[in-house]
Amino acid sequence: MKPFKSVSTLLIAALSVGLTAGCASNAAQEGESANSGTGAGKQEVNVYTARHYDVDGLLYEQFTEETGIVVNVIEGKAEELIERLKREGESTSADLFITVDGGVLNNAKQHGVLQPVESETVEAQVPDHLRDPENQWIGLSTRARVIAYSKERVTPNQLSTYEDLATEKWKGKVLVRSSTNMYNQSLLASFIALDGEEKTQAWAEGIVGNMARDPEGGDRDQAKAIVAGIGDVAIMNTYYVGQLLASDDAEEVKVGEQIGVFFPNQETTGTHVNISGAGLAKHSKNKDNAIKLIEFLTAASAQSTFSAENFEFPVNPEATLPELLVSWGEFKAQEIDFGALGENNGKAVEIMNKAGWK
């Protein structure tokens with residue numbers, strides 16, 4: 001069983017000797033000791049997370065400084081963590097399950113590994129549509145799946161909808177990652193919810209016919225392929241554009257500067273938005289601490305940090321947006337139940353396979 005890593009130990013070690021692999025290893029070893037019984041009685045919260053962003057560790061450290069509650073983390077793939085929660089049952093050490101994608105959050109709920117979060121603070125900080133109807137998961141951030149385009153070869157007035165990308169106009173010009181990617185699966189799942197299976201099938205076939213190349217790499221690789229002239233437009237998440245522009249790699253910054261962001265379907269169904277969220281583990285041993293962490297992460301200050309550091313959209317409307325997100329302007333988002341992303345996932349995968357989406 002993979003040991004918990006104490007985030008506070010990890011970050012303190014990192015600050016003292018630098019961000020090196022050896023430092024991380026030493027910190028993880030110290031985290032093992034902290035959970036071997038010598039730290040009995042300490043205030044802690046144990047997190048199973050499928051998010052792998054530096055900003056999360058930063059916020060956990062701030063939470064510990066503010067409350068004295070140590071955050072212990074196990075990272076893994078969402079599906080594996082859900083299975084682990086099921087397998088461990090009442091013996092689990094997990095207090096929170098954190099992941100990306102509304103469909104995955106709904107799956108965790110359906111598998112019975114979560115329980116309702118009872119907190120007036122959370123309800124005040126997170127709007128209803130960004131929480132599970134029974135509060136079994138709470139939104140932490142959102143990301144929009146948009147059309148990125150070459151500023152050199154495409155103008156915004158040539159762009160309109162996701163559906164338009166499947167027309168002859170864009171033949172040989174569309175870039176997108178593989179059908180195994182959850183972001184693409186959830187995009188199609190949202191289309192099924194809005195337009196039905198037949199129209200979604202036709203769209204998938206049109207996209208495959210318009211691909212500039214077989215899908216490869218992640219979202220940032222699609223942006224790089226635009227700049228390399230392989231394709232003119234790409235379907236990708238907004239926060240990757242921010243990461244490119246904020247990169248320490250000058251070449252990645254150049255890529256970010258040469259692509260534009262377009263929010264499709266503003267006159268119709270709205271731009272597809274997905275969510276990151278936290279669920280309270282059904283058999284949490286530190287329930288009060290876990291709820292305190294959710295309250296902290298959804299407060300305006302932490303929400304502003306999510307946006308400033310990782311270019312995600314906050315769920316708390318009181319949060320401050322970084323200049324880049326402000327520059328993109330407001331946009332209309334799809335209005336669907338995030339649970340539908342999970343319910344329609346199997347059909348979305350079937351449609352993509354049938355269309356020949358590799």
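Here are legends for a few close-up views of this structure.

The model is predicted, so local features need pLDDT of at least 70 and side-chain atom pairs count only at pLDDT 80 or more, while totals for chains, interfaces and linings use all residues. Residues are numbered from 1 along each chain as its sequence is written, and side-chain values use heavy atoms, with hydrogens and water left out.

**View 1. Strand β6 and its partners.**
Let's start with β6 (138-150); strands here are DSSP runs of E with at least two residues, and helices are runs of H or I with at least four, numbered from the N terminus. In β6, 13 of the 13 residues are buried, so the strand is largely enclosed by the rest of the structure. Buried means under 20% relative accessible area, exposed means over 50%, and partly exposed is in between (1.4 Å probe, protein chains only). Two strands pair if DSSP finds at least two bridges between them. With β10, β6 pairs in the antiparallel sense over seven bridges, and I138 sits opposite A278 there. Five bridges join β6 to β8 (residues 233-237), again antiparallel, with V146 facing M236. β11 pairs with β6 through two bridges, also antiparallel, and here S141 stands opposite P314.

**View 2. A look at strand β9.**
β9 runs antiparallel to β6, and four bridges join them. S150 stands opposite I259, and A148 has V261 as its bridge partner. Which residues of β9 point one way, and which the other? I259 and V261 go one way, G260 and F262 go the other, and all are buried.

**View 3. Helix α13 and its neighbours.**
α13 covers residues 300-310, and its buried residues are A302, Q303, S304, T305, F306, S307 and N310. What do they pack against? Their partners are α3 (54-67), β6, α10 (238-245), α12 (287-298), β11 (313-314) and α14 (323-328), where contact means heavy atoms within 4.5 Å. Just after the helix comes F311, with a positive phi near 60 degrees.

**View 4. Rings meeting edge-to-face.**
The whole structure holds 10 aromatic pairs. Rings of Phe, Tyr and Trp (its six-membered ring) pair if their centres lie within 6.5 Å; planes under 30 degrees apart count as stacked, over 60 as edge-to-face and the rest as tilted. One pair is F191 with W203, edge-to-face at 4.9 Å centre to centre and 85 degrees between the planes. F191 belongs to α7 (residues 182-195) and W203 to α8 (residues 197-210), 12 residues apart. Both rings' residues, F191 and W203, are buried. Another pair is F263 with W328: the centres are 6.5 Å apart and the planes at 65 degrees, so this one is edge-to-face. F263 lies in the loop between β9 and β10, W328 in α14, and 65 residues separate them. F263 counts as buried because its relative accessibility is 8%; W328, at 17%, counts as buried too. Back at F191 and W203, these two form one aromatic cluster with Y162 and W357.

**View 5. The second largest pocket.**
Thirty residues line this pocket, and H129, L130, T142, P314 and A333 lie nearest its centre. β10 (272-281), β11 and α14 each give at least two residues to the lining.

Technical notes
1 Å grid on protein atoms, 1.4 Å probe; cavity = no way out; pocket = protein on both sides within 12 Å on 5 of 7 lines; lining within 4 Å.
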